[in-house]
Amino acid sequence: MIRGRLTSILRHAGICGAALLLFVGTTGCQTSGSSANTASPTATTTNAKHVTVQLQGSAFSPTQIHVTPGTTVTWKNDDEVTHTVTSGRNGKPDGMFDSKDLTPGKSFSYTFKKSGTYPYYCVYHPNMVGTVIVSSSSATTTSGGGDMSGKGSMDSNAASTTSARGAIAPLGTGSSGEPKLADDMRLLPYKMENGYKVFHLTAQPVYWEVKPGQKVEAWAYNGTVPGPEIRVDQGDKVKIEVTNKLTEGTTVHWHGLDVPFKQDGSGGISQPDIKPGQTWTYTFTVNAPPGTYMYHAHPMKDMLKQEQMGLFGAFIVEPKGTGWKQVHPGYQDEYTLIVNDSPQFGYTINGLSYPATPVMPVKLGDKVLVHLINIGSMDHPMHLHGFHFQLINQDGWPLSSPQWLDTINTAPGSTYDLAFTANQKGKWLFHCHITEHVTDGENMSGMVTMFNVQ
């Protein structure tokens with residue numbers, strides 16, 4: 001179990017140890033060459049006696065610094081959630097320093113007087129770690145570089161096997177400048193052309209880090225798993241251009257959206273597969289009611305493999321006039337959570353396994369809307385601590401009689417809209433209630449996330 005400040009939460013959760021299913025690579029696309037990137041980090045040198053470390057994207061940046069005795073290190077929380085800076089390793093504090101809760105915008109400083117190596121971590125995200133190395137050297141060196149968001153990078157040995165497929169998108173950043181949302185999803189930009197909102201998706205191979213140290217091959221839209229969230233208003237006319245940089249044909253199905261037959265994306269039925277190197281444009285008007293939908297690969301062959309490799313994403317329909325980045329009317333917070341069970345990634349929420357899963361900030365008293373999607377092959381009973389929620393929509397359509405629940409059994413291919421009011425403070429877990437899906441046998445892992453109500 002995660003130690004420190006999460007202990008009491010875990011006792012309340014009642015999550016016991018069980019063996020997690022082994023994560024096995026999908027046939028035909030194994031994970032050879034998917035070890036950690038061994039490229040050397042960039043380095044800069046300064047003689048300053050004060051060094052600042054940023055907390056952002058659930059990571060310390062830089063993760064390792066070299067300082068001389070007497071140097072003061074300041075950690076500044078530029079993230080959207082609370083973190084700590086706690087000395088120790090493997091979730092065990094050693095008592096040397098502890099920032100306590102660092103809310104967004106707050107800082108903590110400590111002066112290192114003696115030579116030595118000082119590891120530290122965040123008690124809420126035990127795989128969020130850093131190190132201060134103090135020596136009598138006359139220079140201060142900060143090491144960083146690479147994507148420190150916990151979402152991975154391409155393996156340096158993989159270029160020769162994937163170069164023929166096209167450029168590899170940077171993981172965790174999106175390939176089209178997609179802004180990152182608080183639920184770790186990316187929001188797909190669009191441009192207006194002749195009254196249409198025009199989006200672009202590129203399907204291509206990447207390497208994906210489900211959590212630190214667990215890197216696998218993935219097939220992704222615009223470099224992220226799940227693909228970037230498509231958000232439109234009811235009544236919008238859309239064009240979605242899909243470019244295939246995979247080694248085999250693919251299509252995109254607009255799951256739950258009632259579109260014309262030729263736009264359905266069923267490979268070999270409504271259209272031929274999009275061949276490698278080709279671009280296909282889908283055009284339709286969004287007539288569905290405001291709610292939660294999805295998109296995913298639906299080729300003539302190997303649909304199972306392509307979905308399990310990561311070719312899926314959320315499609316959210318908002319009331320007319322809401323706006324691309326605005327929150328659904330009547331709510332202060334709006335989040336999308338995609339649960340998935342895949343032999344390629346294991347048990348994940350938004351492509352990540354706890355503790356890499358998002359911690360979603362909520363202000364006390366906020367009304368929260370959750371778009372919940374099950375893209376996996378199993379049922380997942382999702383349980384919320386601290387609150388009951390209302391099930392207001394299912395498969396995009398409003399329920400005539402919303403139901404009050406604290407657990408909802410999500411079925412493969414189904415979507416749900418949940419609403420609750422955050423009326424008490426705390427870090428409230430939201431997790432699958434099948435214990436094998438939320439533990440690695442010792443610690444919490446897999447299909448677990450939380451709402452941080454402050």
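A residue counts as buried when its relative accessible area is under 20%. Asp184 has a relative accessible area of 15%, so this aspartate goes down as buried. The structure discussed here is a predicted model, and Asp184 is a handy place to start because its accessibility falls under that cut-off. Asp184 sits in the loop between helix H2 (159–162) and strand E12 (191–193). Its backbone catches the eye too: phi of Asp184 is near 75 degrees, a positive value in a residue other than glycine. Asp395 does much the same kind of thing, with a positive phi of about 55 degrees although it is not a glycine. Asp395 belongs to the loop between strand E26 (389–394) and strand E27 (397–405). At a relative accessible area of 36%, Asp395 is partly exposed.

Two peptide bonds also deserve a look. The bond from Val225 to Pro226 is cis, with omega near -5 degrees, and Pro226 is placed in the loop between strand E14 (214–221) and E15. The bond from Tyr354 to Pro355 is cis as well, here with omega near 10 degrees. Pro355 lies in the loop between strand E22 (346–349) and strand E23 (359–362). As background, most residues other than glycine have a negative phi, and most peptide bonds are trans.

Next come the strands. One open sheet has 4 strands in the order E3-E2-E5-E8, and its pairing is mixed. Its edges are strand E3 (60–61) and strand E8 (107–112), each of which pairs on one side only. Strand E2 (residues 50–55) runs antiparallel to E3, and the two are joined over 2 bridges. In one of the bridges, Leu55 is partnered by Phe60 of E3.

Strand E5 (residues 71–77) of this sheet contains Val73. Val73 is buried, with 0% relative accessibility. What does Val73 touch, leaving aside its neighbours within four places in sequence? The contacts are Val51, Val53, Ile65, Phe108, Ser109, Tyr110 and Phe112. Val73 is also 8.4 Å from Lys49, C-alpha to C-alpha, with the two positions 24 residues apart in sequence numbering.

Turning to the nonpolar interior, the largest core has 34 residues, and Leu372, Met382, Leu418, Phe420 and Phe451 are the ones that touch the most other members. Apart from that core lies another, of 28 residues, including Leu201, Leu246, Tyr282 and Phe315. Back in the largest core, the surroundings of Phe420 can be spelled out. Not counting residues up to four places away in sequence, Phe420 touches Asp366, Lys367, Val368, Val370, Leu384, Phe387, His388, Phe389 and Phe451. That list takes in charged residues such as Asp366 and Lys367 along with Phe451, itself among the best-connected members of the core.

Charged pairs come next, with 11 salt bridges in the count. Glu334 and Arg231 meet through their side chains at 2.9 Å, N to O. This pair links distant parts of the chain, with Glu334 in strand E21 (residues 333–342) and Arg231 in strand E15 (residues 227–233), 103 residues apart. Both Glu334 and Arg231 are buried. The two also belong to a wider salt-bridge network that links Glu229, Arg231, Glu318 and Glu334.

A further salt bridge joins Lys320 and Asp236, at 3.0 Å from N to O. Lys320 is in the loop between strand E20 (312–318) and E21, while Asp236 is in the loop between E15 and strand E16 (237–244), so the pair ties together parts that are 84 residues apart in sequence. Are the two partners buried or exposed? Lys320 is exposed, with a relative accessible area of 57%, whereas Asp236 is buried, at 6%.

Glu248 and Lys305 make another salt bridge, their closest N and O atoms being 2.9 Å apart. Glu248 lies in the loop between E16 and strand E17 (252–255) and Lys305 in helix H3 (residues 303–308), so far as sequence goes 57 residues apart. Here both partners are buried: Glu248 has a relative accessible area of 18%, and Lys305 has one of 11%.

Finally, the cysteines. How many disulfides does the model contain? The count comes to 0. Cys122 is buried, with a relative accessible area of 0%, and Cys432 is buried too, at 1%.

Terms used:
Residues numbered from 1 in each chain as written. Predicted model: local features only at pLDDT ≥ 70, side-chain atom pairs only at ≥ 80, totals over all residues. Heavy atoms only, no water. Disulfide = S-S within 2.5 Å. Buried < 20%, exposed > 50% of the residue type's maximum accessible area, 1.4 Å probe, protein only. Pairing = 2+ DSSP bridges. Contact = heavy atoms within 4.5 Å. Core = buried A, V, L, I, M, F, W, Y, C linked by side-chain atoms within 4.5 Å. Salt bridge = Lys/Arg side-chain N within 4 Å of Asp/Glu carboxyl O.
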